[in-house]
Amino acid sequence: MIDVTVNGEACRLEEGATLSSLLALLRLEAARLAVERNRRVVPRNDYAGTLLEDGDRIEVVAFVGGG
Amino acid sequence: MPGGPLTIAGRAYGSRLIVGTGKYPSFEVMRAAHEASGAEMVTVAVRRVDLTRRSGESLLDHIDTRRITLLPNTAGCHSAEEAIRTARLGREAGLSALVKLEVIGDETTLFPDTEALLHATRALVKEGFTVLPYTSDDLVVARKLRDAGAAAIMPLGAPIGSGLGIRNLVNLRLLREAITDLPIIVDAGVGTASDAAVAMEMGCDAVLMNTAIAGAGDPAAMAAAMRKAVEAGRLAFEAGRIPRRLHASASSPPEGLI
């Protein structure tokens, strides 16, 4: 198991988890999001190939109302 | 062409009114207001997805993105670094290089930190962003932003959400005189239709507003009023107003009186 942080919350995942599997687990639709891993934006085409590592800090953001 | 399009970084927009997506009582009300405004560009904010309490409804379900361009903002950022990070996420989420760049320098007025703004503008232009910076009405700062590669200058008329209107018309005039090669978009401070008309009459290229519409008693009606005000103000500017004079000048002929 690996421990990562997602939007500030601790999260325990199986070894071999990718960004795609994390988003699926969270039931999030990749098309409308942006994801940062350790302060670097991950292009959405790379989610499936991005293997998560112990200690990773993930941010998942979306558009909300604003001015 | 009178009332011609607004051009930002080579792309033409049919409307000179840019509106927000925040503070609406519901998505339905927002959608109706967007419709009534005629706006072709709306601002959006970038925030963490709430992983514990997801409603299923998304802002993007309520914006017709075939007709409306999204303008992601960096609202709430207090440093160049945060703003740059947020802009990069906005670009990935929206697949567009447009950003309304905001770096807040003061909590009660939400006035911009223009030094950090300039720094972030330079960095983001280098990364290929089309940067629309929310700034003060200071023409020296505006010139520096232009030289840094900003695609427009977006001076505040008054503090964000204050509804005070254009507080310093003279500064805005000087800014218009100094910046002739980039659009000037008054961003923030508008309270009602006449405020928007004033900005347009003095030659600003567009007006951006959120609270004035979203917070109005009837947002769709206010959006329609703003649309007319922006169009009227632009037409008046292009038509060329008469000079102000101190004394009367009769409109009817002085001869032939009985």
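How many bridges join β3(A) to strand β4 of chain A, and do the two run parallel or antiparallel? Let's start there. One caution before I do: this is a predicted model.

Okay, so β3(A) and β4(A), residues 40-42, are joined by 3 bridges, and they run antiparallel. The two strands form a hairpin with 2 residues between them. If you like backbone torsions, have a look at A:N38 in that turn, which has a positive phi of about 50°.

Now, β3(A), residues 33-37, is also joined to β5(A), residues 57-65, by 5 bridges, again in an antiparallel arrangement. A:E36 is a handy residue to click on here. It stands opposite A:V41 in β4(A), and its bridge partner in β5(A) is A:E59.

Follow β5(A) along and you end up at the other chain. β5(A) and β4(B) run antiparallel and are joined by 5 bridges. One pair to look at there is A:F63, whose bridge partner in β4(B) is B:V46.

So what does the contact between the chains take from each side? Chain B gives 28 residues and chain A gives 22. On the chain B side, the elements that give two or more residues are β4, 41-48, and α2, 80-94. Split by class, that side of chain B has 13 nonpolar, 9 polar and 6 charged residues.

Staying in chain B, let's go to β6(B), residues 98-101. B:L98 and B:K100 point one way from the strand, B:V99 and B:L101 point the other way, and all of them are buried. Yes, that includes the lysine, B:K100. β6(B) pairs with β7(B), residues 130-135, over 4 bridges, and here the sense is parallel. B:L98 sits opposite B:T130 in β7(B).

Last stop, a helix pair, also in chain B. Helix α1(B), residues 27-37, packs against helix α8(B), residues 219-239, at an angle of about 20°, with the axes 7 Å apart. The cut-off for roughly parallel is under 35 degrees, so α1(B) and α8(B) count as roughly parallel to each other. The crossing of α1(B) past α8(B) is right-handed.

Who makes that contact? From α1(B) we have B:V29, B:A32, B:A33, B:A36 and B:S37, and from α8(B) we have B:P219, B:A220, B:A223, B:A224, B:M226 and B:R227. By class, the residues of this contact come out as 9 nonpolar, 1 polar and 1 charged.

That's my tour, thanks.

Methods. Residues numbered from 1 in each chain as written. Chains lettered and ligands numbered in written order. Predicted model: local features only at pLDDT ≥ 70, side-chain atom pairs only at ≥ 80, totals over all residues. Axes fitted to C-alpha atoms, helices over the stretch in contact; angles between N-to-C directions. Parallel < 35°, antiparallel > 145°, perpendicular 65-115°, else oblique. Left-handed = near helix turned anticlockwise from the far one by under 90°. Contact = placed C-beta atoms within 7 Å. Nonpolar A, V, L, I, M, F, W, Y, C, P; charged D, E, K, R; others polar. Pairing = 2+ DSSP bridges. Buried ≥ 20, exposed ≤ 12 C-beta atoms within 10 Å, placed from the backbone.
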